[in-house]
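Let's take a walk through this structure together, one contact at a time. Keep the view open as you read, and turn it whenever a new pair of helices comes up.

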Amino acid sequence: MSHEATLHGHDSHGHDDHGHHEHHDTFLTKYVFSQDHKMIAKQFLITGMVWAVLGGLMSVLFRLQLGYPDASFPWLESILGKWAKGGQITPEAYYALVTTHGTVLVFFVLTAGLSGTFANFLIPLQVGARDMASPFMNMLSYWFFLAASVVMLSSMFVETGPFSGGWTAYPPLSALGDASPGSKTGMDLWIIAMALFVVSSLLGGLNYIATILNMRTKGMSMTRLPLTIWALFFTAVLGVLSFPVLLSGLILLIFDRNFGTSFYLSDIFVNGVGALSNEGGSAILYQHLFWFLGHPEVYIILLPAMGMVSEIMSINSRKPIFGYMAMLGSLFAIAALAFLVWAHHMFVTGLNPFLGSIFVLLTLLIAVPSAIKVFNWLTTLWRGNIRFTPAMLFAIGFVSLFISGGLTGIWLGNAALDIHLHDTYFVIAHFHIVMGVASMFGMFAGVYHWFPKMYGRYLNNSLGYIHFWVTMAGAYLIFWPMHYEGLAGMPRRYFDFSIWESFKQFAELNRFISTVSMIVFAVQILFLINFFYSIFKGRKVTTTNPWEANTLEWTTPINPGHGNWPGEIPEVHRWAYDYGKDGKDFIPQDVPVGADESSH
Amino acid sequence: MNSLVAEKKKFTQYQVLLWVGIGSILMAFAGLTSAYIVKKGQANWLDFDLPSVFWISTVVILVSSFTMQMAAKKHKEGQQNQFKGFMTVTAILGISFLILQLQGFAALEANSIALTGPKSNSAGSFLLVITGFHMLHLLAGVIALVIISIKAPKQGESVSLMSTYWHFVDVLWIYLFVFLNWVG
């Protein structure tokens, strides 16, 4: 690459007086210890994809148990050994799979894999910066994530198995080593992995905020930022303010586990252990600390997807995003409310009903900014000249899932209804649709849309359409029926429902869900094949701006080097959404405003 | 719209990084002190006075903030030797603070107020965790002090960033001291 600009650190006045002499990367500095935000983004993406496959595979395994509780699969024993004696997953293994699936998907895939990838990739490119505020810290952020991944992965190979007390890691199962096999070494490794993970997301988040606030190119005022950047900004703020609280909770947990303190443990009687010598600890205290992170975490997962969907929808409707300021305001409102609703996860803990009703009110308030966003997306589509690219389909799919899953959130936000629905399959259906699958759709949309910028080639469209339609149909076929199971009282986290007369009616439905989940998983493998094949053999990108978009990343060369722009960083003269303005299909942000141009 | 003039930036990106990081650290302590208040409101809370050595450590850390400020001033004036001197004094005061805190823990244990173990009450354990976590942040500061003193950069903002962080760790202790003494 002849146009590599080296980084000399940015001065504080926004000039771009970097030297443009060549420098030679070794394999190690280019692909491994890279400080280029684009390479770090790819590292996050591929590590996240590895975790997505593992986490998805885990769900297939436990769906096998739920769909076929009486069947024996000898091949399982040959893979899992003692965890699937006689070809059937043991209860311990089942709980370990459920726990690890949750932890991995929430934190490693949809936090690190999503924010880590797109915040890293898009922030410098779209605000017009050569790299992050601190490329070194950015590199550390990835390495802490990788360390967390290695520790979490290793927990699956210890004698007593990985942690199995649920992804929320409530005490006493998490605080008491003797409580279950998974509470032993598996839990120690879980805590270490999560602590490393928190450090990684803090290092990343600090960088994202500082870069957005301080490194924007000339003319890029905050209100000219694309909505992707705003969404990633609020995501980073949420992470930086809520992950430390989880860390505090985990420190107290470490002390209870290892130093005999009584933060969470009290003089309870544990079968096989006897009465504990601890006094006065409160397990509910952990839940408060956990959910003070846990609820903002939901939006840490969701907001980046919302930002990318806004951007992709506007580009592929060839229309400005409808209500830019309303989109911005609703992002802010969601981020602010995220900190005020955590106790709606705790309605059945004996929470003071008066306090509960305040949390109900604040929770239902989230419906307002959410509805604003949905209507703005729909009105962006309205009478647009829509290009149904795979990215666009996934973006539209996101809105569909966000509506379906959001509406059940209004049910669950009511304390009176939640007492019935808490810890049932209704909750599983709700959060998988609104947070899990929806954000995954946002991530897919992002990958399909920005793949040409990442690798200079296109993903295969036909495979993309198959991927979208099967996943879209599959998402609803898997999770829609779970609402009914949950309404009928079917509890989550049970190993085997066939022993209850009242749940026998769902045996066939459970089998159906399990079958669909395997088909959907198979289609994700198809996507992986598409992804890795296209990196090397995909159709080459021949123009710098293949989607005819306005944002700055499309002003860089097809394969931008470290430093992004070979020459000066372009100056910004307008917002990112001048589509179909004054008879012009699109006007990129770096085009000066014409004398006779109308204002938007 | 014709606002094409580059914005004059009030803060460098490293200052933004530091201040947002400080906000992040504050949230960790807000979490711990909130948990402290919740726990205190429940049964089984042991009331005890803070060890008197904490008063000494408070004075030590206040003085260290002053020496840090002097180091930053000397650095600005280009007096490298005095800069290094004040940095060294600050680091020594920081280490003294850590030792005094440890003595405070020992004093509590000597008065049979267990901080850990089966006889501990969460009042004592909270004191250990909160002040211990603060000590870790101060220790990181001492390490940074040593590195910057050795490197002794003639320009750049590392000294002023260091000074901001050091004052923050000081103010954080004042907050915790007041909290543990009178609020909690």
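Contact here means heavy atoms within 4.5 Å of each other. Keep in mind as we go that this is a predicted model.

With that in hand, let's begin in chain B. Its secondary structure comes to five helices and zero strands, so that reading from the N terminus gives the order α-α-α-α-α. Along the principal axes, the C-alpha atoms of chain B fill a box of roughly 60 × 50 × 25 Å.

Now find helix H4 of chain B, residues 122–151, and follow how it packs with H5(B): the angle is about 165° and the axes are 10 Å apart. H4(B) and H5(B) are therefore roughly antiparallel to each other, and their crossing is left-handed. Which residues make this contact? On the H4(B) side they include B:Leu127, B:Ile130, B:His134, B:His137, B:Gly141 and B:Ile148, and among their partners in H5(B) are B:Ser158, B:Met162, B:Trp166, B:Val169 and B:Trp173. Sorted by class, the contact of H4(B) with H5(B) has 17 nonpolar, five polar and no charged residues.

H5(B), which spans residues 158–183, also packs with helix H1 of chain B, residues 13–40; here the angle is about 15° and the axes lie 11 Å apart. Because of that angle, H1(B) is roughly parallel to H5(B). The crossing of H1(B) and H5(B) is right-handed. Among the residues that H1(B) brings to the contact are B:Tyr14, B:Trp19, B:Ile22, B:Phe29 and B:Tyr36, and those of H5(B) include B:Leu161, B:Phe168, B:Tyr175 and B:Phe179. The contact of H1(B) with H5(B) divides into 17 nonpolar, three polar and no charged residues. Some residues of H5(B) are worth clicking on twice: B:Tyr165, B:Leu172, B:Leu176 and B:Leu180 appear in the contact with H4(B) and also in the contact with H1(B).

Next, look at where the two chains come together. In chain B, 36 residues are in contact with 45 residues of chain A. Between them the chains bury about 3,400 Å², 65% of it on carbon and sulfur atoms. How many salt bridges are there between chain B and chain A? The count is zero, although the structure holds 15 over all chains.

One of the salt bridges joins the side chains of A:Arg387 and A:Glu548, at 2.5 Å from N to O. This pair links distant parts of the chain, 161 residues apart: A:Arg387 sits in the loop between helices H11 and H12 of chain A, and A:Glu548 in the loop between helix H16 and strand S3.

Staying in chain A, helix H4 (residues 91–127) and helix H8 (residues 283–317) pack at an angle of about 45°, with their axes 10 Å apart. That angle makes H4(A) oblique to H8(A), and the crossing is left-handed. A:Phe107, A:Leu110 and A:Phe118 are among the H4(A) residues in the contact, while H8(A) contributes residues including A:Glu297, A:Pro304 and A:Glu311. By class, this contact has ten nonpolar, three polar and two charged residues.

Finally, two backbone details. Most residues other than glycine have a negative phi, and most peptide bonds are trans. The bond from A:Pro171 to A:Pro172, however, is cis, with omega near 10°, and A:Pro172 lies in the loop between helices H5 and H6 of chain A. A:Arg493 has a positive phi, near 65°, and is placed in the loop between H15 and H16 of chain A.

Technical notes. Residues are numbered from 1 along each chain as its sequence is written. Chains are lettered from A and ligands numbered from 1 in the order in which they are written. This is a predicted model: local features need pLDDT of at least 70, side-chain atom pairs count only at pLDDT 80 or more; totals for chains, interfaces and linings use all residues. Side-chain values use heavy atoms; hydrogens and water are left out. Axes are lines fitted to C-alpha atoms, for helices over the stretch in contact, and angles run from 0 to 180 degrees between N-to-C directions. Helices (H or I, at least four residues) and strands (E, at least two) are DSSP runs, numbered from the N terminus. Angles under 35 degrees count as roughly parallel, over 145 as roughly antiparallel, 65 to 115 as roughly perpendicular and the rest as oblique. A crossing is left-handed if the near helix is turned anticlockwise from the far one by less than a right angle, and right-handed if clockwise. Ala, Val, Leu, Ile, Met, Phe, Trp, Tyr, Cys and Pro count as nonpolar, Asp, Glu, Lys and Arg as charged, and the others, Gly among them, as polar. Buried area is the accessible area (1.4 Å probe) that two parts lose on being put together, summed over both. A salt bridge is a side-chain nitrogen of Lys or Arg within 4 Å of a carboxyl oxygen of Asp or Glu.
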